[in-house]
Amino acid sequence: MAGLPMVKEILAQSVKKPVTNLFPAVRLPKSITGFLGSVAEGKAEIVPPVETPPAFRGKIAYDRSACNGCGLCLKVCPAHAIDQVVYPPVTVQVTDAEGNVTEKVKKEKRIRIYVSSCIFCGQCTDICAKNALSLQNEFLLATEDRFAESQIVE
């Protein structure tokens, strides 16, 4: 009979109305086309975006050209939201100070950030010596697909 209180709670919860609002369905107009028509006519206005406070920690921006692929951000990320991507080796020609040309095999290392796993702590931006990572003001990141293009920063 240890499970009896649980059964009682399950039955009680199954008939209760949800307490939370379904976002953004509650705030949607009845007709999107009609609403946009009202905006065009000046009868309605679109609410401006929410301003973020100073030093807000939103979605991470990645400057690929500044990154040297050191991997320090991988080591400090507590959520393990950053992977290192190693591209196939490329042969490049290097000219030294005396004009001698030599060929060098170069492996390009970059990172991939999974926004859906990120906890926006900012440790990766703090440790990046090249300032290739920065936290932006973008915060509306919800999606049903955690591997959507908007959820992966490369």
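Me: Before we look at the cavities, which amino acids count as nonpolar, charged or polar?
Reply: Ala, Val, Leu, Ile, Met, Phe, Trp, Tyr, Cys and Pro count as nonpolar, Asp, Glu, Lys and Arg as charged, and the others, Gly among them, as polar. One more thing to know: this is a predicted model, where local features need pLDDT of at least 70 and side-chain atom pairs pLDDT 80 or more, while totals for chains, interfaces and linings use all residues. Residues are numbered from 1 along each chain as its sequence is written, and side-chain values use heavy atoms, without hydrogens and water.

Me: What makes a space a cavity?
Reply: On a 1 Å grid over the protein atoms alone, a cavity is a set of points where a 1.4 Å probe fits but cannot get out, and lining residues have an atom within 4 Å of a point. Two cavities of 30 Å³ or more are counted here.

Me: How is the lining of the second largest cavity divided into nonpolar, polar and charged?
Reply: There are 10 nonpolar residues, one polar and no charged. The lining includes I60, I82, I113, F120 and G122. Gly counts as polar, so G122 belongs in the polar group. The volume of this cavity is about 60 Å³, meaning the space filled by probe spheres set on grid points joined across faces, edges and corners.

Me: And what lines the largest cavity?
Reply: Its lining has 13 residues, with C67, N68, C70, C73 and C128 nearest the centre. They divide into nine nonpolar, three polar and one charged, around a space of about 90 Å³.

Me: How do you know that strand 2 and strand 5 pair?
Reply: Strands are DSSP runs (E, at least two residues), numbered from the N terminus, and two of them pair if DSSP finds at least two bridges between them. Strands 2 and 5 have five bridges, in the antiparallel sense, so they pass the rule. Q84 stands opposite I111 there.

Me: Why are strand 2 and strand 7 at the edges?
Reply: The open sheet has the order 2-5-7. Strand 2 (82-86) and strand 7 (152-153) each have a single partner strand, so one side of each is left without a neighbour in the sheet. Strand 7 pairs with strand 5 over two bridges, and I113 stands opposite V153.

Me: What makes a group of residues a nonpolar core?
Reply: They must be buried Ala, Val, Leu, Ile, Met, Phe, Trp, Tyr or Cys residues joined through side-chain atoms within 4.5 Å, where buried means under 20% relative accessible area with a 1.4 Å probe, protein chains only. The largest such core has 17 residues, and Y62, I82, I111, I113 and L133 have the most contacts inside it.

Definitions and conventions
Helices (H or I, at least four residues) and strands (E, at least two) are DSSP runs, numbered from the N terminus. On a 1 Å grid over the protein atoms alone, a cavity is a set of points where a 1.4 Å probe fits but cannot get out, and a pocket is an open set with protein on both sides within 12 Å along at least five of seven lines; lining residues have an atom within 4 Å of a point. Buried means under 20% relative accessible area, exposed over 50%, partly exposed in between (1.4 Å probe, protein chains only).
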